[in-house]
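Let's take a friendly walk through a structure with two chains in view. Have the picture ready and follow along, one piece after another.

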Amino acid sequence: MNRIAVEKKVLNENQILAEQLRERYRQHGVLCINLISAPGSGKTALLERTLERMDKSARVAVLTGDLQTENDATRLAKFGFPVKQITTGGTCHLDARMIERHLEGWKLEDLDLLIVENVGNLVCPSSYDLGEDAKIVLLSTTEGEDKPLKYPSIFFKSELMLLTKVDLLPYVPFKAELARENARRVHPDMEIIDVSSTTGEGLDRWMGWLKARQVKAKAKLQVAST
Amino acid sequence: MHELGIATSILECVQAEAARRPNGRITKVGVKVGELAGVDPDALQFGFEVLVKDTEWEPLALELEYVPRMQRCPKCAYDFQMTEFDPRCPLCGEYSTECISGEELDIAYMEVEE
């Protein structure tokens, strides 16, 4: 019997594809973000408010993932930007191949921002790199404050946490400070923005974050081309 | 929930390695699973057994090695295992320490009979 060292990532195939996508985004100065949360935390509602606030000439596209139905794509298509639904059938997460396949027909040179709305799930999406620049995790005030401790992987891997539905804080027992503290225990330097898609609270800050990251993605492009 | 997909990826890696060793037979594959990998070891083990059962790959064992989350203190260069999500350096109390392991989901080795 002979033991051979392998040292290879289990999800190597996904990783290779994800790196290819990342390189394509970089070459075109596209910022790609991957939104992840439990079902019902408000990813689609946030995207509606986000697209609504975009300039009509904004070069933005959305890929939205669900197990079944085209409902989210229908909701998001109203704003006039290109939207494609990815129905996974039963798969609990998006992987890089699904993204690559659904990008067909879109020209990356026509885009500045690609938003991926992952399948509602805090576990599996954290394992699959989609080539994004940043993972963003949403936690809503109708969930438990200890979610970051129960599902540390995704909170650790996300650059930004959006605390959603903050308009409900007066009516629910959720302790926002404890939730932020738990998130920072898992990921000490994670940025956190409080938002409400109902009242619009915090959306300016969120749009500002997106804008700043887009500027950064463009700057990388210029550095590469000089 | 996605452990069967991960088990499939592990088996694909074994198959690729087996194709490179036509005279050998792979009997075991060792995989490192980090604390932050978001993978349940029991579900992965079960998924892998189901996948291999009654196939030409049997007997093929999966050995999982758990990798805890380790942090490194930037001030005193001390490495420590993070417990209870407390990132502070046990020596100097520095809060902002760096995660140096625990994200692994890697094939470490395979055992081959030749």
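## Before we start

Helices (H or I, at least four residues) and strands (E, at least two) are runs assigned by DSSP, and their numbers count from the N terminus. With that in hand, we can place B:Met110: this residue sits in strand 6 of chain B. Please keep in mind that you are looking at a predicted model.

## A sheet shared by two chains

Look for an open sheet of four strands, ordered 1(A)-6(B)-1(B)-2(B), with mixed pairing. At its edges are strand 1 (2-9) of chain A and strand 2 (61-67) of chain B, each pairing on one side only. On average, neighbouring strands here are turned by 20 degrees against each other, direction ignored.

How do strands in a sheet hold on to each other? They pair through backbone hydrogen bonds, in either a parallel or an antiparallel way. Where the chains meet in this sheet, six bridges link strand 1 of chain A with strand 6 (residues 105-113) of chain B in the antiparallel sense. You can find one pair yourself: A:Asn2 has B:Val112 in strand 6 of chain B as its bridge partner.

## Helices across the sheet

Helix 1 (residues 3-20) of chain B lies across strand 1 of chain A and also across strand 1 (25-34), strand 2 and strand 6 of chain B. Its direction makes an angle of about 140 degrees with strand 1 of chain B. Helix 2 (residues 41-52) of chain B lies across strand 1 and strand 2 of chain B, at about 165 degrees to strand 2 of chain B.

## Where the chains touch

In total, 25 residues of chain B are in contact with 27 residues of chain A. Helix 1 and strand 6 of chain B each provide at least two residues of chain B's side of this contact. Strand 6 of chain B gives the most, with nine residues. Sorted by class, the side of chain B that touches chain A holds 17 nonpolar, four polar and four charged residues.

## A closer look at B:Met110

Is B:Met110 buried or exposed? It counts as buried because it has 22 C-beta neighbours inside 10 Å, and the cut-off for buried is 20 or more. B:Met110 touches residues from both chains, including A:Ile4, A:Val6, B:Val14 and B:Glu17. Another residue it touches is B:Lys28. B:Met110 and B:Lys28 are 82 residues apart along the chain, yet their C-alpha atoms are separated by 5.6 Å.

## Inside chain A

Now move to strand 6 (residues 134-140) of chain A, which is mostly covered, with six of its seven residues buried. This strand runs parallel to strand 2 (residues 31-36) of chain A, joined by four bridges, and A:Ile33 stands opposite A:Ala134. Strand 6 of chain A also runs parallel to strand 7 (residues 160-164) of chain A, with five bridges between them. There, A:Leu138 has A:Leu162 as its bridge partner.

## Another sheet in chain B

Chain B also has an open, antiparallel sheet of three strands in the order 4-3-5. Strand 4 (79-81) and strand 5 (98-101) of chain B each have a single partner strand, so one side of each is left without a neighbour in the sheet. Neighbouring strands in this sheet are turned by 40 degrees against each other on average, direction ignored.

Strand 3 (residues 70-72) of chain B pairs with strand 5 of chain B over three bridges. One of the matches to look for is B:Met70 with B:Ser101.

Methods: Residues are numbered from 1 along each chain as its sequence is written. Chains are lettered from A and ligands numbered from 1 in the order in which they are written. This is a predicted model: local features need pLDDT of at least 70, side-chain atom pairs count only at pLDDT 80 or more; totals for chains, interfaces and linings use all residues. Two strands pair if DSSP finds at least two bridges between them. Axes are lines fitted to C-alpha atoms, for helices over the stretch in contact, and angles run from 0 to 180 degrees between N-to-C directions. Two residues are in contact if their C-beta atoms, placed from the backbone, lie within 7 Å. Ala, Val, Leu, Ile, Met, Phe, Trp, Tyr, Cys and Pro count as nonpolar, Asp, Glu, Lys and Arg as charged, and the others, Gly among them, as polar. A residue is buried if 20 or more other C-beta atoms lie within 10 Å of its own, exposed if 12 or fewer, and partly exposed in between; C-beta atoms are placed from the backbone. Lists of a residue's contacts leave out its neighbours within four places in sequence.
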